[in-house]
Amino acid sequence: MSLPAESKAVDLEDLARRIESGRDAGERLRVLNAAFPGRLAASTSFGAQSPVMLHLLSRHAPSIPVVFIDTGYLFPETYQFAERLIRILNLDVRVFQPRMTAARQEALYGRLWEQGAGGLEKYGLLNKVEPMNRALRELGADAWISGVRRSQSRSREQRDFVERQKRTAKLYPILDWTDDDVERYFLEHDLPRHPLTFRGYVSIGDWHSSKPLEEGSAAEQTRFDGMQRECGLHLPSADQDYQI
């Protein structure tokens, strides 16, 4: 696999061991920032659990830009929550949007999210993957920090702390955190909650693919009518043929 010279300078296997051996997320972030100086970006959806990763970044790696993909289909509450967190945490957020507006997409292709697996894949490529790829290129980042956790879904249970997707290293500083760890961090730091969590939402993305948690169901079933958990950005590396 051909990687840029600067990426080859980082031993990702050794980096993964160093991250996994440390339990403190702040130290993990400091190690990652030192490994990819000036070449890191983080991402956020401003979803239900996003405040934890964003607070960690603001405290331990405030120089890292945070990419926010605005699909045009987010809940009004998400936009409002994002503005509040940006102000409270003094975040360096860079907003990226799809090249094609939501109105144009629907006029040309219809409601892609209602068109089964093929429609969802195209929707993810247009609204999530392409803007994220563009963000990484424009920011000069060949490493990407995300708040993905193993306990969030079955599709994430086998993730490694450091993964490689073509030219991009994906890094997960809180991969081994449990839901209890997340809740404890919320309480310890008095972090604000997404307004929709008070209406039963546990995973919050676009309005058309998110629903409140129902009794007897799992959190991953609240997205895309249970068809899938991932929006396209966090597929396993082997399946992510289009990620830079």
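Start with the whole chain on screen: of its contacts with a separation of 6 or more, 71% are between residues 24 or more positions apart. Keep in mind on this tour that you are looking at a predicted model.

**Stop 1: the whole chain**

Colour by secondary structure and you can pick out 8 helices and 6 strands. Follow the chain from its start, and the order of elements is α-α-α-β-α-β-α-β-α-α-β-β-β-α. Now switch on the surface. The accessible area comes to about 11800 Å², and carbon and sulfur atoms hold 47% of that. Of the 244 residues in the chain, 52% are buried.

**Stop 2: helix α4 and its partner α3**

Select residues 50–60, which form helix α4, together with residues 25–35, which form helix α3. A general word before you look: a packed pair of helices is described by the angle between the two axes and the distance between them. Here the axes come within 10 Å and cross at roughly 60°. That angle makes α3 oblique to α4. The crossing of α3 with α4 is right-handed.

Show side chains next. On the α3 side, the contact is made by Ala25, Gly26, Leu29 and Arg30. Facing them from α4 are Met53, Leu56, Leu57 and His60. Sorted by class, this contact has 5 nonpolar, 2 polar and 1 charged residues.

**Stop 3: α4 against α5**

Keep α4 selected and add helix α5, residues 76–89. The axes of α4 and α5 come within 10 Å, and their crossing angle is roughly 25°. Are the two helices roughly parallel or roughly antiparallel? They are roughly parallel to each other, because angles under 35 degrees fall in that group. The crossing of α4 with α5 is right-handed.

Which residues make the contact? From α4 come Pro51, Leu54, His55 and Ser58, and from α5 come Phe81, Leu85 and Leu89. The classes here are 5 nonpolar, 2 polar and no charged residues.

**Stop 4: α4 against α8**

Now bring in helix α8, residues 179–188. Its axis lies 10 Å from that of α4, and the pair packs at an angle of about 60°. That makes α4 oblique to α8. The crossing of α4 and α8 is left-handed.

The α4 residues to highlight are Pro51, Val52, His55 and Leu56. Their counterparts in α8 are Val182, Tyr185 and Phe186. By class, the contact of α4 with α8 counts 6 nonpolar, 1 polar and no charged residues.

**Stop 5: histidine 55**

Stay in helix α4 and centre the view on histidine 55. Is this side chain's residue buried or exposed? Histidine 55 is buried, because its relative accessible area is 8%, and the cut-off for buried is under 20%. Leaving aside residues up to four places away in sequence, histidine 55 touches Leu89, Tyr185, His189 and Leu191. You have already met Leu89 in the α5 contact and Tyr185 in the α8 contact.

**Stop 6: two residues with positive phi**

Most residues other than glycine have a negative phi. Here are two places to look for the opposite sign.

Go to asparagine 90, in the loop between α5 and β3 (93–96). Although asparagine 90 is not a glycine, its phi is positive, at about 55°. Asparagine 90 counts as exposed, with 68% relative accessibility.

Then jump to aspartate 190, in the segment after α8. What is its phi near? The value is near 50°, which is positive in a residue other than glycine. Aspartate 190 is exposed, with a relative accessible area of 68%.

**Stop 7: isoleucine 69**

For the last stop, select strand β2, residues 66–69, and zoom in on isoleucine 69. Isoleucine 69 counts as buried at 9% relative accessibility.

Try the distance tool between isoleucine 69 and lysine 128. These residues are 59 positions apart in sequence, and their C-alpha atoms lie 6.6 Å apart in space. Isoleucine 69 touches lysine 128 too, along with Thr44, Leu74, Phe96, Asn127, Pro131 and Met132, when residues up to four places away in sequence are not counted.

Key. Residues numbered from 1 in each chain as written. Predicted model: local features only at pLDDT ≥ 70, side-chain atom pairs only at ≥ 80, totals over all residues. Heavy atoms only, no water. Axes fitted to C-alpha atoms, helices over the stretch in contact; angles between N-to-C directions. Helix = DSSP H or I, 4+ residues; strand = E, 2+ residues; numbered from the N terminus. Parallel < 35°, antiparallel > 145°, perpendicular 65-115°, else oblique. Left-handed = near helix turned anticlockwise from the far one by under 90°. Contact = heavy atoms within 4.5 Å. Nonpolar A, V, L, I, M, F, W, Y, C, P; charged D, E, K, R; others polar. Buried < 20%, exposed > 50% of the residue type's maximum accessible area, 1.4 Å probe, protein only. Areas by Shrake-Rupley, 256 points an atom, 1.4 Å probe, with all protein chains shown as cover.
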